[in-house]
Amino acid sequence: MAKKEETISMIDTLAEFKELKNIDKDTMISVLEDSFRNVIAKMFGTDENYDVIINPEKGDFEIWRNRTVVADDELEDPNLQLTLTEARKIDADCEVGEEVTDEVHFADFGRRAILNLRQTLASKILELQKDSLYAKYKDKIGTIVAADVYQVWKKEILLLDDEGNELLLPKSEQIPSDFYRKGETVRAVVQKVDNYNNNPKIILSRTDKIFLQRLFELEVPEINDGLITIKAIARIPGERAKVAVESYDDRIDPVGACVGMKGSRIHGIVRELRNENIDVINYTSNVSLFIQRALSPAKISSIRVNEEEHKAEVYLRPEEVSLAIGKGGLNIKLACMLTEYTIDVFRDVEGADEEDIYLDEFTDEIDGWVIDAMKNIGCYTAKSVLALSRDEIIERADLEETTVDEVLAILSAEFEDESQE
């Protein structure tokens with residue numbers, strides 16, 4: 001009866017582990033078998049001659065021992081050998097040299113062995129649980145998860161996911177205006193997973209650029225479908241962000257798709273990021289044009305780019321300088337982060353005395369592709385074009401002589417008309 005009670009107690013314990021730890025059947029059988037073999041090996045020095053059979057359907061287990069039959073006076077190791085007299089109690093027809101198998105009741109090993117098994121099993125399952133948690137969140141790095149606030153500390157917040165796993169959101173990874181109470185749900189991206197001494201530590205972030213990218217993927221189907229790609233992100237959490245996007249389908253306006261009808265798509269992202277201001281711009285591989293777009297809403301007069309040193313000198317009218325720099329220097333700082341260029345802003349003093357005109361104003365007289373060619377060499381206003389020699393424009397803009405002559409004539413005539421007035 002005692003043996004039966006011990007077996008029932010053991011199975012109940014295993015059932016508890018399975019229920020609490022949510023471990024699948026195959027893994028549970030493997031852990032159980034390893035635990036039994038571990039205890040047997042400690043007791044007898046080896047477990048090689050034992051067969052452990054786990055039956056999860058019935059909730060029981062069997063242990064069978066295989067021993068070689070020897071003559072009654074030749075017994076050396078009772079764990080590996082069995083005397084002929086004892087063997088014939090199990091199998092009356094057996095002979096010396098044959099192998100005999102008999103069932104072993106684990107309860108016969110004593111209470112200490114049972115306690116040892118439980119401790120071994122608990123240790124293995126805890127280790128398994130940690131490995132499972134580490135593997136689960138290692139695969140989730142860079143993805144958004146939702147978890148509930150369990151405890152708020154000065155330097156971090158402890159969160160629990162839907163399985164009760166602990167996640168950490170450090171203060172440094174929170175948006176400055178973030179404020180949470182116990183029980184509230186937080187959305188964040190899995191930034192990294194540490195595993196010191198097999199003790200997984202999952203770190204979340206709401207300030208990472210990847211968090212903003214994942215939010216766009218959730219809100220904009222075209223990004224999720226691969227029709228629009230986010231090429232670059234610059235972000236000052238809680239303040240402002242710039243996102244450069246590119247479309248692989250000419251029929252799709254990438255900026256319009258990201259913003260949505262009346263801002264419907266981007267509003268959800270802005271709310272999630274505590275009213276962070278988000279500028280979405282068209283990406284281009286043309287460096288000078290990309291820098292111009294990155295400095296939006298400021299309009300630049302001319303630009304000089306040093307691609308080797310990743311530096312750019314931007315010239316603007318005095319009234320445009322403050323727009324380029326932005327409140328608290330945010331606009332130019334984000335533009336530098338987005339383009340990965342060091343941008344220096346200068347006042348266009350020469351153009352300050354007289355009124356200059358942006359090339360976009362001449363679209364009725366000059367073809368758009370010609371204006372783009374001028375922008376590609378860093379000229380965005382009429383005077384920045386006129387400041388260059390005819391030969392330099394032909395060479396740098398790769399335009400025909402007649403085209404350049406027409407452009408120079410149109411631009412010069414504009415200022416001659418103004419002077420006559």
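# A first walk through the model

In an unreviewed entry, UniProt lists residues 206-283 as "domain: Transcription factor NusA first KH". Along residues 206-283, the chain is 38% helix and 29% strand, with its end C-alpha atoms 25 Å apart. The unreviewed entry in UniProt also lists residues 138-199 as "domain: S1 motif". There the chain is 2% helix and 52% strand, and the end C-alpha atoms are 13 Å apart.

Please keep in mind that this is a predicted model. The protein chain has an average pLDDT of 85, and 91% of the residues score at least 70. At residues 1-5, however, pLDDT stays under 50, and the model has three contacts beyond four places in sequence for this stretch. Where pLDDT is low, the predicted coordinates should not be read in detail.

## Hairpins in the S1 motif region

Let us begin with strands S5, S6 and S7. Strand S5 covers residues 144-152 and strand S6 covers residues 156-160; the two pair in the antiparallel sense over four bridges. Three residues make up the hairpin connection from S5 to S6. If you would like a landmark for this pairing, look at Gln151, which stands opposite Leu158 in S6.

S6 also pairs with strand S7, residues 166-170, in the antiparallel sense over five bridges. Here Ile157 has Leu169 in S7 as its bridge partner. The hairpin of S6 and S7 has five residues between the strands, and Gly164 in this hairpin takes a positive phi near 85°.

Further along, Asn198 sits in the loop between strand S8 (185-196) and strand S9 (199-205). Its phi is near 55°, a positive value in a residue other than glycine.

## The sheet S10-S11-S12

The next stop is an open sheet of three strands in the order S10-S11-S12, with mixed pairing. Strand S10 (228-236) and strand S12 (277-282) are at the edges, each with a single partner strand, so one side of each is left without a neighbour in the sheet. On average, neighbouring strands of this sheet are turned by 20° against each other, direction ignored.

S10 and strand S11 (residues 240-247) run antiparallel and are joined by eight bridges. Within this part of the model, Thr229 stands opposite Glu246 in S11. Which strands does helix H5 lie across? Helix H5, residues 209-219, lies across S10, S11 and S12 and runs at about 140° to S10. H11 packs on the sheet too, touching S10, S11 and S12, and its direction makes about 135° with that of S10.

## The sheet S13-S14-S15

A further open sheet has three strands in the order S13-S14-S15, again with mixed pairing. At its edges stand strand S13 (302-306) and strand S15 (342-347); each has a single partner strand, so one side of each is left without a neighbour in the sheet. From one strand to the next, the twist averages 15°.

Strand S14, residues 311-316, runs parallel to S15, and six bridges join them. Lys311 stands opposite Thr342 in S15. H9 packs on this sheet and touches S13, S14 and S15, its direction making about 125° with that of S13.

This table gathers some of the strand pairs described above.

| Strand pair | Sense | Bridges |
|---|---|---|
| S5 and S6 | antiparallel | four bridges |
| S6 and S7 | antiparallel | five bridges |
| S10 and S11 | antiparallel | eight bridges |
| S14 and S15 | parallel | six bridges |

## Where H9 meets H11

Helices H9 and H11 have already appeared beside the sheets, H9 touching S13, S14 and S15, and H11 touching S10, S11 and S12. How do these helices meet? The axes of H9 (residues 287-294) and H11 (residues 330-339) come within 9 Å and cross at roughly 145°. The crossing in which H9 passes H11 is right-handed.

Which residues of H9 and H11 meet? From H9 come Phe290, Ile291 and Ala294, which meet Asn331, Ala335, Leu338 and Thr339 in H11. Sorted by class, this contact of H9 with H11 has five nonpolar, two polar and no charged residues.

One more detail lies in the loop between H9 and S13, which is the place of Pro297. The peptide bond from Ser296 to Pro297 is cis, with omega near 15°.

Key. Residues numbered from 1 in each chain as written. Predicted model: local features only at pLDDT ≥ 70, side-chain atom pairs only at ≥ 80, totals over all residues. Heavy atoms only, no water. UniProt positions renumbered as here; feature names shortened; annotations may be inferred. pLDDT = per-residue confidence, 0-100. Contact = heavy atoms within 4.5 Å. Pairing = 2+ DSSP bridges. Axes fitted to C-alpha atoms, helices over the stretch in contact; angles between N-to-C directions. Left-handed = near helix turned anticlockwise from the far one by under 90°. Nonpolar A, V, L, I, M, F, W, Y, C, P; charged D, E, K, R; others polar.
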